[in-house]
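Dear colleague,

I am passing on a structure that I would like you to look at before we speak next. The model follows here, and my notes on it come after.

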Amino acid sequence: NFLRDSGSFKLSSGVAETTRDELAVELEFYGFLDRMLPYHTQERVGHLLLQRACVAGTKRELRTAVTQARALAFTFGSTTPFLKDAMQDLRFVITDRVVHGSPLWAAEGGTWFMYRGADDFMSIGSASECVEGCTTASIYNAWDEDAVVAPTELHMDQWVSASESTLELQYASAERLNPEDEGPWVCVPAVRITAVHGLHDSDPTMAAALRQLAALP
């Protein structure tokens, strides 16, 4: 069916995970995996997050896994000219790596990563900054919250950037994160994170996690 009409063919979200994995093996062999199941790797990560949360059984673990599994791929950027081109309109996908208890999202091209820093802030930085868990990377979210959440759940008005990631004129006139000490961080206006792909509520693993979550007091 896909060869006849690739534009309208869509695999049902209700297909069992084992069947989907078997199909993925065949599709990879014939060179169709990226075209038919472009987010198969990310979906497997989402399933693992949900399964682990179901085993843990706590409301916090389940809520976190659900939000993260709904944000397997997303775009990041400011809707107004502010960030340099290298940091604008980034497209991130979830990986199976974990940094400080949170999944690592990698941007297309392999240059930038979104991760949980050592100080619990979600940050965007290079591979070396990610390995070090550096909070003072190129961009980070200053929302002070202990919970490990998906990037789509962060407060969008809490993103700040440094000079190396900000357009020169905008950086000079931007609002400072800490005006009293004139630190290097400026507030990024109009940040938008848009989910591109995530597990649907009808996905069997997601549905099981949602039922377990609903049953908790």
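Please keep in mind that this is a predicted model. The axes of helix α3 (residues 40–56) and helix α4 (residues 59–69) come within 8 Å of each other and cross at roughly 170°. Because an angle over 145 degrees counts as roughly antiparallel, α3 is roughly antiparallel to α4. On the α3 side the contact is made by Gly 46, Leu 49, Leu 50, Ala 53, Cys 54 and Ala 56, while α4 contributes Glu 61, Leu 62, Ala 65, Val 66, Gln 68 and Ala 69. Sorted by class, the residues of this contact comprise nine nonpolar, two polar and one charged.

The two helices also take part in a pocket. The second largest pocket has a volume of about 240 Å³, and of the 13 residues that line it, Leu 49, Glu 61, Thr 64, Gln 68 and Gly 101 are the closest to its centre. The elements that give two or more residues to this lining are α3, α4 and β3 (102–107), with α4 giving the most, namely five residues. In terms of class, the lining of the second largest pocket has six nonpolar, four polar and three charged residues.

Finally, is Gln 42, which lies in helix α3, buried or exposed? Gln 42 counts as buried, because its relative accessibility is 11% and the cut-off for buried is under 20%. Leaving aside residues up to four places away in sequence, Gln 42 touches Leu 72, Val 93 and Ile 94.

With best wishes

Technical notes. Residues are numbered from 1 along each chain as its sequence is written. This is a predicted model: local features need pLDDT of at least 70, side-chain atom pairs count only at pLDDT 80 or more; totals for chains, interfaces and linings use all residues. Side-chain values use heavy atoms; hydrogens and water are left out. Axes are lines fitted to C-alpha atoms, for helices over the stretch in contact, and angles run from 0 to 180 degrees between N-to-C directions. Helices (H or I, at least four residues) and strands (E, at least two) are DSSP runs, numbered from the N terminus. Angles under 35 degrees count as roughly parallel, over 145 as roughly antiparallel, 65 to 115 as roughly perpendicular and the rest as oblique. Contact means heavy atoms within 4.5 Å. Ala, Val, Leu, Ile, Met, Phe, Trp, Tyr, Cys and Pro count as nonpolar, Asp, Glu, Lys and Arg as charged, and the others, Gly among them, as polar. On a 1 Å grid over the protein atoms alone, a cavity is a set of points where a 1.4 Å probe fits but cannot get out, and a pocket is an open set with protein on both sides within 12 Å along at least five of seven lines; lining residues have an atom within 4 Å of a point. Grid points are joined across faces, edges and corners, and a volume is the space filled by probe spheres set on the points. Buried means under 20% relative accessible area, exposed over 50%, partly exposed in between (1.4 Å probe, protein chains only).
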